[in-house]
Amino acid sequence: MSRIGLFFGTDTGKTRKVAKMIKKKFDDEVMASPLNVNRTDASAFAEYEYLIIGSPTLGEGLLPGLSADCENESWEEFLPEIDDIDLTGKTVAIFGLGDQVGYPDEFVDAMGELYDFVTERGAKVVGSWPTDGYEFNHSEAVGEDGKFVGLALDLDNQSNLTEERLNAWLGQIAPDFDLPL
């Protein structure tokens, strides 16, 4: 079994694309293939000590799911399934996609929701990311330290920075995940 679980929710496929970019850098022994949360279950999520999770923010700061007009279930429906899982001792890194121009008042808010969810269940979250280089008004994903709680990506307006940001972030979380970079 792989050491690191990689889970994502998506609507348009962009978050899946980023998850595949992450997985491409590691072999199967290190990292499992990315799993869409609408195609897995709580036991698969619970079996990993290390987790990388990703989500877009939809509309006015929503997690993807049926109430956000997604065609399929996603994080909104999956979180209740994993609500009773104790994440104490697990290490989690989060990446989030958003549109800082179109939605400057809720940029990557869903990442903040995932952060709250996993920390309330005991997980240690690593991989906070600076807000420098982004232009937005507000984000629920900015922590008390003034940084994003995970990697913020804007494939709509800054796609040219995605690979560079992703590589830097993976390098940053490498010690916590024992990643061979």
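**Strand 4, its neighbours and selected side-chain contacts**

At a relative accessibility of 69%, Asp69 counts as exposed, and this residue of the predicted model is found in the loop between strand 3 and helix 3. The phi angle of Asp69 is near 65°, a positive value in a residue other than glycine. A positive phi, of about 55°, also occurs at Asp178, which is likewise not a glycine; Asp178 is found in the segment after helix 5 and is exposed, with a relative accessible area of 55%.

The loop that holds Asp69 leads from strand 3 to helix 3, and strand 3, helix 3 (residues 75–81) and strand 4 together make a right-handed β-α-β unit. Strand 4, which comprises residues 91–97, is mostly covered, seven of its seven residues being buried. In a regular strand the side chains alternate between the two faces of the sheet. In strand 4, Thr91, Ala93, Phe95 and Leu97 point one way, whereas Val92, Ile94 and Gly96 point the other way, and all of these residues are buried.

The pairing of strand 4 involves strands 3, 5 and 6. Seven bridges join strand 4 to strand 3 (residues 50–56), the two strands running parallel, and within this pairing Phe95 of strand 4 is the bridge partner of Gly54. Strand 5 (residues 124–126) is joined to strand 4 by three bridges, again in a parallel arrangement, with Lys124 of strand 5 as the bridge partner of Thr91. Strand 6 (residues 151–153) also runs parallel to strand 4 and is joined to it by three bridges; here the bridge partner of Leu97 is Leu153. The connection from strand 4 to strand 5 passes through helix 4 (residues 109–120), and these three elements make a right-handed β-α-β unit.

Helix 1 (residues 14–23) contributes a further set of buried residues, namely Thr15, Val18, Ala19, Met21, Ile22 and Lys23. An α-helix has 3.6 residues a turn, so residues three or four places apart point the same way. The buried residues of helix 1 pack against strand 1 (4–8), strand 3, strand 4, strand 6 and helix 5 (162–177).

Within helix 3, attention may be drawn to Glu77, an acidic residue that counts as buried because its relative accessible area is 18%, which is under the 20% limit. Leaving aside neighbours within four places in sequence, Glu77 is in contact with Pro64, Gly65, Leu66 and Ser67. A polar atom of the Glu77 side chain lies 2.9 Å from the backbone nitrogen of Leu66, and the side chain of Glu77 also reaches the backbone nitrogen of Ser74, at 2.7 Å. The C-alpha atoms of Glu77 and Phe148, which are 71 residues apart along the chain, are separated by 24 Å.

The count of salt bridges comes to six. Among them is the pair formed by the side chains of Asp28 and Lys23, with a nitrogen-to-oxygen distance of 2.7 Å; the two partners differ in exposure, since Asp28 is exposed at 53% relative accessibility, whereas Lys23 is buried, with a relative accessible area of 11%. Lys25 forms a salt bridge with Glu163, the closest N and O atoms being 3.0 Å apart. Because Lys25 lies in the loop between helix 1 and strand 2 (35–36) and Glu163 in helix 5, the pair ties together parts that are 138 residues apart in sequence. Both partners are partly exposed, Lys25 with a relative accessible area of 32% and Glu163 at 39% relative accessibility.

A further salt bridge is found between the side chains of Asp176 and Lys124, at 3.5 Å from N to O, and this pair links distant parts of the chain, with Asp176 in helix 5 and Lys124 in strand 5, 52 residues apart. Asp176 is partly exposed, with a relative accessible area of 29%, and Lys124, which is also the bridge partner of Thr91, is partly exposed with a relative accessible area of 46%. Finally, Asp83, Glu120 and Arg121 are linked in a network of salt bridges.

Key:
Residues numbered from 1 in each chain as written. Predicted model: local features only at pLDDT ≥ 70, side-chain atom pairs only at ≥ 80, totals over all residues. Heavy atoms only, no water. Buried < 20%, exposed > 50% of the residue type's maximum accessible area, 1.4 Å probe, protein only. Helix = DSSP H or I, 4+ residues; strand = E, 2+ residues; numbered from the N terminus. Pairing = 2+ DSSP bridges. Right-handed = clockwise from strand over helix to strand, strands pointing away. Contact = heavy atoms within 4.5 Å. Polar contact = N/O pair within 3.5 Å; in protein donor to acceptor, adjacent residues only side chain to side chain. Salt bridge = Lys/Arg side-chain N within 4 Å of Asp/Glu carboxyl O.
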